[in-house]
Amino acid sequence: MEIGFLGLGIMGKAISVNLLRHGFKVTVWNRTLSKCGELVELGASVEETPAAVVKKCQYTIAMLSDPSAALSVVFDKGGVLEQISSGKGYIDMSTVDADTASKISEAILAKGGQFLEAPVSGSKKPAEDGQLVILAAGNEALYKEVIPAFNVIGKKSFYLGQVGNGAKMKLVVNMIMGSMMNAFSEGLVLADRSGLEPQVLLDVLDLGGIANPMFKLKGPTMIGRSYPPAFPLKHQQKDMRLALALGDENAVSMPIAAAANEAFKKARSMGLGDLDFSAVHETLEALKPPH
Ligand SMILES: NC(=O)C1=CN([C@@H]2O[C@H](COP(=O)(O)OP(=O)(O)OC[C@H]3O[C@@H](n4cnc5c(N)ncnc54)[C@H](OP(=O)(O)O)[C@@H]3O)[C@@H](O)[C@H]2O)C=CC1
Ligand SMILES: O=CCCC(=O)O
């Protein structure tokens with residue numbers, strides 16, 4: 001199966017490498033074209049525009065930063081719409097809102113193409129290891145056709161029905177995750193300031209009912225105040241913002257998510273947007289060195 005891949009950031013690169021490793025032919029494009037070099041060394045082909053990738057491949061996957069990037073790659077000059085046609089499938093794995101997914105879907109369908117949104121749960125390491133959770137919605141026939149690729153990319157795929165449901169599910173999950181990360185940060189600081197060993201707190205948490213892979217993975221680096229980016233904080237804040245807008249549309253009050261969003265915004269204002277989202281820890285006053 002020949003797959004086109006648009007967007008070689010943290011996730012796009014990891015997913016493309018994994019597809020190549022499993023014998024898929026992959027043709028890549030990235031806005032900053034120089035980032036394609038590493039993939040070429042591993043056997044990928046490169047094209048100079050998203051349109052050229054779509055022209056060459058029956059199926060094209062995109063993994064882009066946010067709604068504006070996802071729209072630009074489809075609608076701008078040299079974009080996906082110029083070459084999408086009957087018999088071609090476009091699969092957008094970027095985390096966006098339901099409106100963005102619907103706009104893209106309508107445009108692709110109007111050109112005779114097939115569309116699937118397929119945001120993912122899981123970060124850099126699960127992407128490298130093919131252990132993502134895929135939240136697909138849209139054209140069910142296309143979903144079935146690309147299952148061989150999804151089986152390599154993820155450990156489980158969900159088909160969620162109409163376009164928009166994938167985006168909504170992903171935003172709900174990340175809203176919970178962003179809120180948890182803030183509570184966890186406060187807990188680490190509270191333990192430290194009240195004379196407890198944060199590492200012992202991690203051990204206690206890991207044995208109880210709120211044990212989870214995120215605390216286990218991020219806890220030790222947060223204690224060391226190191227935040228190498230796996231999931232960039234600017235993207236987590238984008239997801240909180242989009243989840244809050246979904247809450248707004250549905251009249252769901254979300255005071256905890258709103259507070260978490262403020263903390264991520266504050267972290268961005270401190271210049272921490274490109275670090276891992278666990279860097280929200282740095283917003284806590286108690287962590288800062290005394291003046
Ligand atoms: N990292 C993670 O753990 C996870 C991320 N996600 C989601 O996946 C998506 C990608 O995340 P991630 O790989 O971490 O992000 P990165 O910031 O590492 O990569 C973003 C990608 O989008 C491209 N891009 C940005 N703006 C534009 C634009 N205007 N036009 C064309 N391309 C553009 C970048 O190109 P360039 O190289 O030129 O800047 C790059 O390829 C996001 O929606 C994120 O929320 C989902 C699950 C986990
Ligand atoms: O959108 C990013 C999700 C990160 C994760 O699930 O660990």
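**Exercise 1. Checking the length of a helix**

Work out whether the 17 residues of helix H12 (residues 233-249) span what 1.5 Å a residue predicts, or not.

*Solution.* Keep in mind that this is a predicted model.
- Step 1: the expected span is 1.5 Å times one less than the number of residues, so H12 should span 24 Å.
- Step 2: the end C-alpha atoms of H12 are 24 Å apart, which agrees with that expectation.
- Step 3: now try helix H9 (165-193). With 29 residues, H9 should span 42 Å, and its end C-alpha atoms are 42 Å apart, so here too the values agree.

**Exercise 2. What follows, and what covers, H12**

Find which residues of H12 are buried, what covers them, and which residue with a positive phi follows the helix.

*Solution.*
- Step 1: the buried residues of H12 are Leu233, His235, Gln236, Gln237, Lys238, Asp239, Met240, Leu242 and Ala243.
- Step 2: a useful rule is that an α-helix has 3.6 residues a turn, so residues three or four places apart point the same way. You can look along the helix with that in mind.
- Step 3: the cover over the buried residues of H12 includes H9 and helix H13 (255-269).
- Step 4: after H12 comes Ala251, with a positive phi near 50°. Likewise, H9 is followed by Gly195, whose phi is positive and near 90°.

**Exercise 3. Positive phi outside glycine**

Where do Ala251 and Arg225 lie, and are they buried or exposed?

*Solution.*
- Step 1: Ala251 is not a glycine, yet its phi is positive, about 50°. Ala251 sits in the loop between H12 and H13.
- Step 2: a residue is exposed if 12 or fewer other C-beta atoms lie within 10 Å of its own. Ala251 has 6 C-beta neighbours inside 10 Å, so it counts as exposed.
- Step 3: Arg225, another residue other than glycine, has a positive phi near 50°. Its place is in the loop between helix H11 (213-223) and H12.
- Step 4: Arg225 has 11 other C-beta atoms within 10 Å, so it is exposed.

**Exercise 4. Two residues and their contacts**

Describe the surroundings of Asp66 and Leu20.

*Solution.*
- Step 1: Asp66 is in the loop between strand S4 (59-62) and H4. Because it has 19 C-beta neighbours inside 10 Å, Asp66 counts as partly exposed.
- Step 2: setting aside neighbours within four places in sequence, Asp66 contacts Val96 and Lys238. You have met Lys238 already, among the buried residues of H12.
- Step 3: Asp66 and Ser102 are 36 residues apart in sequence, and their C-alpha atoms are 14 Å apart in space.
- Step 4: Leu20 belongs to helix H1. With 18 C-beta neighbours inside 10 Å, Leu20 is counted as partly exposed.
- Step 5: beyond four places in sequence, Leu20 is in contact with Val26, Leu42, Gly43 and Ala44. Leu20 and Asp239 are 219 residues apart in sequence and 29 Å apart in space, C-alpha to C-alpha.

**Exercise 5. The whole chain and its domains**

How many helices and strands are there in the protein chain, and which domains does the domain assignment give?

*Solution.*
- Step 1: the protein chain has 13 helices and nine strands. Its radius of gyration is 20 Å, close to the 19 Å that the globule rule gives for 291 residues, so the chain is as compact as a globular protein of that length.
- Step 2: along its principal axes, the C-alpha trace spans about 65 × 45 × 35 Å. Of the 291 residues, 47% count as buried.
- Step 3: the domain assignment gives domain 1 (2-162) and domain 2 (168-287). The contact between them takes 12 residues from domain 1 and 13 residues from domain 2.
- Step 4: the side of domain 1 that touches domain 2 has five nonpolar, four polar and three charged residues.
- Step 5: the C-alpha centres of domain 1 and domain 2 lie 28 Å apart.

**Exercise 6. The ligand shells**

Which residues surround ligand 2, and which come nearest to ligand 1?

*Solution.*
- Step 1: around ligand 2 are Thr95, Ser121, Gly122, Ser123, Asn174 and Phe231. By class, this shell has one nonpolar, five polar and no charged residues.
- Step 2: ligand 1 has 26 residues around it, of which Gly9, Arg31, Ala69, Ser123 and Phe231 come nearest.
- Step 3: the shell around ligand 1 divides into 11 nonpolar, 11 polar and four charged residues.
- Step 4: helix H1 (10-21) and helix H4 (67-75) each supply at least two residues of the shell around ligand 1. Domain 1 and domain 2 each provide at least three.

How values were computed. Residues are numbered from 1 along each chain as its sequence is written. Chains are lettered from A and ligands numbered from 1 in the order in which they are written. This is a predicted model: local features need pLDDT of at least 70, side-chain atom pairs count only at pLDDT 80 or more; totals for chains, interfaces and linings use all residues. A residue is near a molecule or strand if its C-beta atom, placed from the backbone, lies within 6 Å of it. Ala, Val, Leu, Ile, Met, Phe, Trp, Tyr, Cys and Pro count as nonpolar, Asp, Glu, Lys and Arg as charged, and the others, Gly among them, as polar. Helices (H or I, at least four residues) and strands (E, at least two) are DSSP runs, numbered from the N terminus. Domain bounds come from an automatic or database domain assignment. The radius of gyration is taken over C-alpha atoms; the globule rule is 2.2 Å times the number of residues to the power 0.38. A residue is buried if 20 or more other C-beta atoms lie within 10 Å of its own, exposed if 12 or fewer, and partly exposed in between; C-beta atoms are placed from the backbone. Two residues are in contact if their C-beta atoms, placed from the backbone, lie within 7 Å.
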